[in-house]
Amino acid sequence: MPLIAPSLLSADFGNLQRDLNMMNESDCDWFHLDVMDGVFVPNISFGFPVMQAMAQHARKPLDVHLMIVQPEKFIAEVKALGAKVMNVHYEACTHLHRVIQQIKAEGMMAGVTLNPHTPVSSLEEIIGDLDLVMLMSVNPGFGGQKFIESSVDKTRRLRELIDRKNATALIEIDGGVNRETAPRLVEAGADVLVAGSAVFKAADPVEEVRILKQVGAVK
Ligand code: DX5
Ligand code: ZN
């Protein structure tokens, strides 16, 4: 069974407390928070004051996805949220190894996110240091985009790299995850599925989480 991390980017920002409480009552595992700076990605979402407010109502661990330049500047702020996972982009870190050690020193899980064009082989030298690798299966910046099909094969190749190196990193997939893509991703080796629009645009978001959570379960 995969871990399910609903992306609050697709929640109703006018009713965040309501939507957080709805997800608190669901089978979901983590809350996925998407931070955008208008520089690394062509959009701006929300920042630390809003996430502090969300953290007060969240009863699931926080998975913070920083789509920003120089994410290392904000390690202390992410830690102050009580986050479980801090995801930084491979493409945003010149000194990735140092950033990973700093995140781990703060007691958080260190995650590295790859844009669709960044090859799995870029992680060859650092995979053993990582707690999590997140593959973007859309170009980051917006919810509700079309799933990039080659992400299934990329997931399989990442699983091979992790196994070959005897590494323990979890595989998380972000973008276009829904009832149709989720089973194929889990079969390819995904451990954690982020889902924004599939959950929050569903007629019954709690039921949608339950369905995604059952993917791969023995019937
Ligand atoms: C995109 C974000 C995603 C987004 C996913 O930049 O990183 O987390 O919310 O949304 P869906 O599931 O709708 O593709
Ligand atoms: Zn995300």
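Let's start at ligand 1, where a polar side-chain atom of D34 lies 2.9 Å from one of the ligand's oxygen atoms. Keep in mind as you look around that this is a predicted model. H65 takes part here as well: a polar atom of its side chain sits 3.2 Å from an oxygen atom of ligand 1. The backbone contributes too, with a polar backbone atom of G176 found 2.8 Å from a ligand oxygen. Taken alone, ligand 1 exposes 380 Å², and the protein buries 100% of that. Around ligand 1 there are 20 residues, of which G141, G144, D174, G196 and S197 come nearest.

Now turn to the zinc ion (ligand 2), where some familiar residues return. Its coordinating residues are H32 through NE2, D34 through OD, H65 through ND1 and D174 through OD, at 2.0 to 2.3 Å. What arrangement do the six donor atoms around the zinc ion make? The angles they subtend run from 71 to 168°, which makes the arrangement octahedral.

It is worth tracing these donor residues along the chain, where their spacing reads H-x1-D-x30-H-x108-D. H32 belongs to strand β2 (residues 31-36) and D174 to strand β7 (residues 170-174), so this pair ties together parts that are 142 residues apart in sequence.

Are these two residues buried or exposed? H32 has a relative accessible area of 0% and is therefore buried. D174 is buried too, because its relative accessible area is 8%, and buried here means under 20%.

Finally, look back at D174 with both ligands in view: this residue coordinates the zinc ion and is also among the residues that come nearest to ligand 1.

Key
Residues numbered from 1 in each chain as written. Chains lettered and ligands numbered in written order. Predicted model: local features only at pLDDT ≥ 70, side-chain atom pairs only at ≥ 80, totals over all residues. Heavy atoms only, no water. Donors = N, O, S within 2.8 Å, 3.2 Å for Na, K, Ca; no water. Tetrahedral: all angles 85-135°; square planar, octahedral: opposite > 155°, others 65-115°. Helix = DSSP H or I, 4+ residues; strand = E, 2+ residues; numbered from the N terminus. Buried < 20%, exposed > 50% of the residue type's maximum accessible area, 1.4 Å probe, protein only. Near = heavy atom within 4 Å. Polar contact = N/O pair within 3.5 Å; in protein donor to acceptor, adjacent residues only side chain to side chain. Areas by Shrake-Rupley, 256 points an atom, 1.4 Å probe, with all protein chains shown as cover.
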